[in-house]
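Here is a short, friendly briefing to read with the model open beside you. Take it one topic at a time.

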2 protein chains.
Amino acid sequence: MVGGLTLVQPDIELAASLFDALSRATRQGRGIVRDSYGAGEETAHAIMRSAASRLDLEISIDAIGNLMMTQPGRDRSAARVIIGSHLDSVPQGGNYDGAAGVVAGLCTLSALKKAGIEPAYDLTVMGIRAEESAWFDVPYIGSAGAFGLLDPASLSIKRSDNGRTLESALIERGFDPEAIRNRRRLIEPSAIRAFLEVHIEQGPTLVARGLPAAVVTGIRGCKRFRNARCLGRYGHSGAVNRPYRQDAVAATVALLHHLETIWVRQEDAGADLVFTAGELYTDPLMHGPSKIAGETHFVVDLRSVSDATMDEVAAEARDAAARIGDAYRVSFELGATSDSPSAVMDARLRARLKSLLDQPFEMPSGAGHDAAVFAKMGIPTAMIFVRNEHGSHNPDEALAMEDFEVATRALLRLLLDFPL
Amino acid sequence: MVGGLTLVQPDIELAASLFDALSRATRQGRGIVRDSYGAGEETAHAIMRSAASRLDLEISIDAIGNLMMTQPGRDRSAARVIIGSHLDSVPQGGNYDGAAGVVAGLCTLSALKKAGIEPAYDLTVMGIRAEESAWFDVPYIGSAGAFGLLDPASLSIKRSDNGRTLESALIERGFDPEAIRNRRRLIEPSAIRAFLEVHIEQGPTLVARGLPAAVVTGIRGCKRFRNARCLGRYGHSGAVNRPYRQDAVAATVALLHHLETIWVRQEDAGADLVFTAGELYTDPLMHGPSKIAGETHFVVDLRSVSDATMDEVAAEARDAAARIGDAYRVSFELGATSDSPSAVMDARLRARLKSLLDQPFEMPSGAGHDAAVFAKMGIPTAMIFVRNEHGSHNPDEALAMEDFEVATRALLRLLLDFPL
């Protein structure tokens, strides 16, 4: 694009004001609630649209609600660079997971505009819809939907809190479920030069190592039993001896304990794996302190950079559930898994980004990201992680503007280097 | 009393109509809701009062709401026999746990009345308040309160579902919390000749053995961590590797699994023990399928005929919680235990009742009962269990009128034998 313009700096003032506006508008109690295709996500989109207007960006919204904010390039017909991330959050999440990548794009384009730099080709900041699967039990609705990759059956998925379908949520917001039903492509992969995503690190590695940012090597996939159940039989806690019990809690504890031993064994064998049961509950309308529980609900979430490892552990989980179910006289219903495959980042972009960091560091991403969908489409994709004090998916996500500046400066330098 | 009147039979028609009225008036959805000092328990008391009126029984209500329905005897100053049980139920409980003992008393007095038999001394059917600790976290409020045994601090205990105190519930129903505050005795143990309680068996033993009824030898005590918690830290399920995790679910699973191994070890050593975690849940406002859980709530319920066994296992649970908490970088808050001691039944009454059964059988009670409080006061106490198809504390409690007749016939014969 334009070499040597190293004095151009990302517009951190704009970034700080956008994070502040997001926090004020979408906080409920302690945490952030930007529900996918709900009021919270809509508010975040409105804040970004308004900022894009002030930057004189072209604004368009695709058939399923993804927000495209474009600085036109000299050659409008050339493939564009997309900088983006999602604007939804988990329930009671934090202010930065997702939104940081959109804000990073806007404060980068603002810097180019202030410096009077006209890009060679279009630079688009994309506010992606519905990346979190906490609301509708499928990840990457916005990015996968944009490429016509989303299973049309997803339209019937019900929102976890209010039971409304994805289809009715799309219609309510004025979007078009037919795009998903017909697997319509809303953007052509060949028209995208690269996809770049800035995201807070969702683990403690950068904090532990004292580094402000890192280049991502690849993204862990996820295999999840989202709606696992154990069905036993309610009974009096004092009056039923062990041989007669059908205790759903005892059986679930046995299964989850066994899965932890599998995890340790896989780690000892050098495999990459994390295992989490983040939701686990007896029925509040049926349970009691003097009752054996007749039912549990739980989630089993497996993640690895290796799809084969996840497949193997999921199969072991099914075997163990059958065996433990028999032993405890209960039945497990693990249900189908929802899967998101692992993905690798573009080697050339990775190398270039790494060279742009004062303290070069690379690491895998434990969480899934929209970047994985772009990578799977064959689009050269890169990610930058920013240090974050308290993990993600919780109200305490923290992002120092100094660290954000390190990450967005690398992003800006990369853009100034294009065409690579 | 009057020997040889073996043709007198319990009024099973009255029993069936009372069970039917209770079911119709206090069922909510599938299960029974007779909340302690709430609308459901009040309805059950009204049904019993009305039946007692039709039987011309003397009716009185003590300062904390226990219902006394008395057939006057020839010698009104002599010590009386009390036949009774409680009229409350657990949330979504069944129709028979508790109520069967009150109905048994009424259908026995009805039989005496129909036969024109005037008892030698007063026979009182007692509808006891608030035996279940599911609503207020203390058992035997009605029976312990009647003997001035209830800790006055219990008045501040909040109802588990709506947070209202026991004191305000008493006042709302027109009862007198001062009776509890001043540990006032509402009945004198010396004025009670015997306490007799008919109750459904709450386990599967009688069904498994094909027996309609049994005489109870003794009652298991209970030691319960009612409000145990594990406090960890929320985090992203994919992005936090094992060494950094503070996973409340994983730690709770490890603790409950360890308690099961203690249970097996105690059983192997010949000790009487049951262990149940009947409530276990992550926070529905904070948890998520892609979040490590930062908090769990659970109940640990230990029961044994040996107080020493319960004390030993509770101490082991505390040790394990400290050790496992350290290993998982979380903290357990088990809290204080709520305790009800074990109790033995009167040997002479047991022997007599056993001789009155066509198929004599004795067994311990795994659950606590008001009878334990009367026994602890030195009152000769006996219990009869009736076969029940589906355990108790659930909507499927089942009681065949044929089995109920076997139990109440033994009760009636015992009354006809008095003074023993």
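**Aromatic pairs and burial**

Phe404(A) has a relative accessibility of 0% and so counts as buried. This is a predicted model, and its aromatic rings make a good place to begin. Over all chains there are 14 aromatic pairs.

*Rings in chain A*

- Phe19(A) and Phe404(A) make an edge-to-face pair, because their ring centres are 5.2 Å apart and their planes meet at 75°.
- Helix H1 (residues 12-26) of chain A holds Phe19(A) and helix H12 (residues 401-417) of chain A holds Phe404(A), so this pair ties together parts that are 385 residues apart in sequence.
- Phe19(A) is buried too, at 3% relative accessible area.
- Tyr96(A) joins Phe19(A) and Phe404(A) in one aromatic cluster.

*Rings in chain B*

- Phe374(B), with a relative accessible area of 0%, is buried, and Phe147(B) is buried at 2%.
- The rings of Phe147(B) and Phe374(B) form an edge-to-face pair, 5.1 Å from centre to centre with 85° between the planes.
- That pair links distant parts of the chain, 227 residues apart: Phe147(B) sits in the loop between helix H4 (141-146) and helix H5 (166-172) of chain B, and Phe374(B) in helix H11 (residues 370-376) of chain B.

*A buried loop residue*

- Asn95(A) belongs to the loop between strand E5 (80-86) and helix H3 (99-114) of chain A.
- Its relative accessibility is 5%, under the 20% limit, so Asn95(A) counts as buried.
- Beyond its neighbours within four places in sequence, Asn95(A) touches several residues, among them Phe19(A), Arg27(A), Arg34(A) and Glu397(A).

*Helix H8 of chain A*

- The 21 residues of helix H8 (residues 248-268) of chain A should span 30 Å at 1.5 Å a residue, and the end C-alpha atoms are indeed 30 Å apart.
- At the start of H8(A), a side-chain oxygen of Asp247(A) comes within 2.9 Å of the backbone nitrogen of Val249(A).
- After H8(A) comes Gly270(A), with a positive phi near 90°.

*Cysteines*

- There are zero disulfides over all chains.
- Cys222(A) is buried at 6% relative accessible area, and Cys230(A) is buried at 0%.

*How the two copies relate*

- Chain A superposes on chain B with an RMSD of 0.1 Å after a rotation of 180° and 0.0 Å of shift along the axis.
- The two copies are therefore related as by a two-fold rotation axis.
- The same surface serves both copies, as 100% of the contact residues of chain A recur in chain B.
- Tyr281(A) comes closest to the rotation axis of the residues of chain A, with its C-alpha at 2.0 Å.

Notes:
Residues are numbered from 1 along each chain as its sequence is written. Chains are lettered from A and ligands numbered from 1 in the order in which they are written. This is a predicted model: local features need pLDDT of at least 70, side-chain atom pairs count only at pLDDT 80 or more; totals for chains, interfaces and linings use all residues. Side-chain values use heavy atoms; hydrogens and water are left out. A disulfide is a pair of cysteine sulfur atoms within 2.5 Å. Buried means under 20% relative accessible area, exposed over 50%, partly exposed in between (1.4 Å probe, protein chains only). Helices (H or I, at least four residues) and strands (E, at least two) are DSSP runs, numbered from the N terminus. The expected span of a helix is 1.5 Å times one less than its number of residues. A polar contact is a pair of N or O atoms within 3.5 Å; within protein, one must be able to donate a hydrogen and the other to accept it, and residues adjacent in sequence count only if both atoms are side-chain atoms. Copies are superposed by least squares on the C-alpha atoms of residues with pLDDT of at least 70 in both. Contact means heavy atoms within 4.5 Å. Rings of Phe, Tyr and Trp (its six-membered ring) pair if their centres lie within 6.5 Å; planes under 30 degrees apart count as stacked, over 60 as edge-to-face and the rest as tilted.
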